[in-house]
Amino acid sequence: MDRIKEKMTQLRLESEEAAVKVEELQTKVKALEQENLQKEQEIISLTHKNSVLESEVEKYETQVKDLKSAASEGAQHGTQNETLTRRLQLLEEEAEQADKTLREANEKLRQTDVKAGHFERKVQALEQERDQWESKYEEMAKKFATVQKELEDFQNEIGNI
């Protein structure tokens with residue numbers, strides 16, 4: 001009789017521990033999903049920034065081409081040519097800076113993508129672990145019901161004796 005009570009107490013404890021673990025895992029999953037959502041938003045933001053920078057680079061490249069052609073046509077105008085050359089240099093520097101910014105944004109996007117993949121794998125692993133805990137909980141609940149039924153049958157037999 002004491003063994004059955006101890007077994008029931010043990011099963012109850014295991015059941016409660018499993019329920020606590022499930023709650024903890026659900027909290028972790030929610031936190032990771034929130035983190036994943038933030039990363040996705042950051043990816044969207046960086047993608048938009050990337051497209052804006054690409055359009056700026058194209059604009060600057062067009063300006064560089066235009067200024068180069070204007071510089072070659074204005075060879076006879078020395079002072080005007082010097083001014084255009086200086087302006088061209090500034091635009092090239094701006095284009096290089098924009099290109100550098102674009103590379104940095106692409107690197108951040110790649111890193112964010114890698115992190116997002118990592119978190120997705122982590123979420124999948126946690127979901128698998130949660131599923132295992134849930135199945136273990138269901139098994140324990142079935143065992144508990146079986147043991148409880150056996151206890152009732154045993155008590156009925158003892159009561160009949």
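Visitor: What share of the 161 residues in the protein chain is buried?
Guide: This is a predicted model, where local features need pLDDT of at least 70, side-chain atom pairs count only at pLDDT 80 or more, and totals for chains, interfaces and linings use all residues. Numbering runs from 1 along each chain as its sequence is written, and side-chain values use heavy atoms, with hydrogens and water left out. Buried means under 20% relative accessible area, with exposed over 50% and partly exposed in between (1.4 Å probe, protein chains only). On that basis, the buried share of the protein chain is 22%.

Visitor: What is the radius of gyration of the protein chain?
Guide: The C-alpha trace spans about 125 × 15 × 15 Å along its principal axes. A compact globule of 161 residues would come out near 15 Å (C-alpha atoms; 2.2 Å times the number of residues to the power 0.38). For the protein chain, the value is 35 Å.

Visitor: Which helix gives the largest share of the largest nonpolar core?
Guide: A nonpolar core is a set of buried Ala, Val, Leu, Ile, Met, Phe, Trp, Tyr and Cys residues joined through side-chain atoms within 4.5 Å. This one has nine residues, including Val 57, Tyr 60 and Leu 91. Two elements give two or more residues each, helix 1 (2–73) and helix 2 (78–160), helices being DSSP runs of H or I, at least four residues, numbered from the N terminus. With five residues, the largest share comes from helix 2.
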